[in-house]
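Student: I have the sequence and the model open side by side, and I would like to work through the interior and the ligand site with you.
Tutor: Good; ask about one feature at a time, and we will reason each one through.

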Amino acid sequence: MSALSLSCRVCGTEHPLEALGSCSRCFGPLDPAYDLERVRVSFTPERLAGGPPSIWRYADLLPVEAPDEPRLAPGYTPLVPAPRLAKAIGLRDLWLKLDTANPTHSFKDRPVAVAARKAQELGLDTLSCSSTGNLAGAVAARAAAEGLEAAVFVPADLEHEKLAAAAAYGPRLYAVDGHYDHCSRLSVELSFELPWGFVNVNLRSYYAEGSKTLAYEVVEQLGWRTPDVIAIPIASGALFHKVGQGLSELRSLGLGEGPAPRLVGAQAEGCQPVATAFREQKPVQPVRPDSIARSLAIGSPADGDFAVSTARETGGAIHAVPEDEVGENMALLARTTGVFGETAAGVTLGALRAAVAAGEVARDDRVVLLVTGDGLKTLGPVSFTYVPTPIAADADAFLDDVLAAG
Ligand SMILES: Cc1ncc(COP(=O)(O)O)c(C=O)c1O
Ligand SMILES: [Zn+2]
């Protein structure tokens, strides 16, 4: 393994590779530091091409050993062109990264696989998290696959589909009276009392690294060429920031021909602390979420300021999408590509359209849009598309009356 230590993103203090949620000196977030000279030898296009078709092909830039038996390994999801959607929104070269193809239909399987591996290395037998929905399912499924216990904390009023999809894997599911930020605070407090692996608290440094694999995959799947733009949803900001970090690592390894991609972040208007901070050039201020995009409804985003810096440093932007456009964008994505993404995908498409309208993304740019979750878990916003025509089981009547009526 090439991870050497956990390094504080703020003050640079080095810590051992343990279950540490934050820097003991300044409470800053911790990122694994790697022996890049060693990685340089093994992390090459030729070697990677022979690796497993999952996140574990990138194990040299992950802070855990690849598992001997990678059960239900996430990653290496399809990257597909979307020419009709491109045309509809004024682009020529648009691609969709289908993280709906992961075992629990969201990108969260990536970070959870890494955190779970660390939990096993540390001998912890319970996986836990606070979640806006998808993470609960990913933790519950990973625990089921590995024979671990799971205890997940979610807001009680989440989409029923998401809660039911997580419950099926048999976790202890705690429906918290409050929104995500209450769940988060509760899990932070509990992490000091219980010997559990809270994937997004004491295992957060390992967990967040899993999201870098999206950056590696996009570049590898484009034949080791970088796209001009990547459109990414933002809740805590970890995914957005880690895609930026993954791209920087590739650059320092000399991998990926082409421009340094501009990262376009997406939030919904009803919960847009990061978009507001970007727009107003101020630190992130917590908000009370009230959004249809429940998976992105984090009012106090842990990596919000880092996401803002990433957007600025890459020459990107962060846009907030009106609530009533989320369902329309989900439907547009579905009917022009055959891909049914969740509310987060509707938000991401909305932000990309806003960036095109603002001239931040040009017609000829090569753009990748991350579809991070599955529409089957968030059916409400597209219920307006369900307007079936009632008919009799009668071919003549169908041909003469129904079709003729148009
Ligand atoms: C489908 C989906 N996309 C994107 C995100 C945003 O992830 P992050 O919290 O890392 O910003 C989430 C978070 O729950 C999610 O469920
Ligand atoms: Zn520090």
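Student: Which element supplies the largest share of the lining of the largest cavity?
Tutor: Bear in mind throughout that this is a predicted model. The largest cavity holds about 70 Å³ of space, and 13 residues line it, with Trp56, Pro67, Ala113, Arg142 and Glu146 nearest its centre. Both α4 and α5 (134-146) contribute at least two residues to that lining, but the largest share, 4 residues, comes from α4.

Student: How many charged residues are there in the lining of the largest cavity?
Tutor: The structure holds 3 cavities of 30 Å³ or more, and here we consider the lining of the largest one. Sorted by class, that lining has 7 nonpolar residues and 1 polar residue, while the number of charged residues is 5.

Student: Is lysine 118 buried or exposed?
Tutor: Lysine 118 belongs to helix α4, which covers residues 109-121. Setting aside residues up to four places away in sequence, the side of the chain it meets includes Leu17, Val64, Leu203 and Tyr206, which lysine 118 touches. Because its relative accessible area is 6% and the cut-off for burial is under 20%, lysine 118 is buried.

Student: How many of the residues of helix α9 are buried?
Tutor: Helix α9 takes in residues 212-221 and is mostly covered. Its buried residues include the charged Lys212, Glu217 and Glu220, and among the others are Leu214, Tyr216 and Val218. Counted over the 10 residues of the helix, the number buried is 9.

Student: Which residue with a positive phi follows α9?
Tutor: The phi angle in question is near 75°. The residue that carries this positive value after α9 is glycine 223.

Student: Which residue has a side-chain N or O atom 2.8 Å from an oxygen atom of ligand 1?
Tutor: There are 17 residues around ligand 1, and Asn134, Ala235, Ser236, Gly237 and Thr372 come nearest. Two backbone approaches to ligand oxygen atoms can be set aside, since the question concerns a side chain: a backbone N or O atom of glycine 237 at 2.9 Å, and a polar backbone atom of serine 295 at 3.2 Å. The side-chain atom at 2.8 Å belongs to serine 236.

Student: What is the relative accessible area of proline 301?
Tutor: Proline 301 sits in the loop between α11 (273-280) and α12. Beyond its neighbours within four places in sequence, proline 301 is in contact with Ala235, Ser236, Pro273, Val274 and Val284. Proline 301 counts as buried because its relative accessible area is 10%.

Student: What separates the C-alpha atoms of proline 301 and proline 286?
Tutor: Along the chain the two prolines are 15 residues apart. In space, their C-alpha atoms are separated by 7.5 Å.

Student: Which helix gives the largest share of the lining of the second largest pocket?
Tutor: This pocket has a volume of about 250 Å³, and its lining of 13 residues has Gly244, Ser248, Thr310, Glu313 and Thr314 nearest the centre. By class, the lining has 4 nonpolar, 7 polar and 2 charged residues. Two helices, α10 (238-252) and α12 (304-313), each supply at least two residues, and the largest share, 6 residues, comes from α10.

Conventions: Residues are numbered from 1 along each chain as its sequence is written. Chains are lettered from A and ligands numbered from 1 in the order in which they are written. This is a predicted model: local features need pLDDT of at least 70, side-chain atom pairs count only at pLDDT 80 or more; totals for chains, interfaces and linings use all residues. Side-chain values use heavy atoms; hydrogens and water are left out. On a 1 Å grid over the protein atoms alone, a cavity is a set of points where a 1.4 Å probe fits but cannot get out, and a pocket is an open set with protein on both sides within 12 Å along at least five of seven lines; lining residues have an atom within 4 Å of a point. Grid points are joined across faces, edges and corners, and a volume is the space filled by probe spheres set on the points. Buried means under 20% relative accessible area, exposed over 50%, partly exposed in between (1.4 Å probe, protein chains only). Contact means heavy atoms within 4.5 Å. A residue is near a molecule or strand if one of its heavy atoms lies within 4 Å of it. A polar contact is a pair of N or O atoms within 3.5 Å; within protein, one must be able to donate a hydrogen and the other to accept it, and residues adjacent in sequence count only if both atoms are side-chain atoms.
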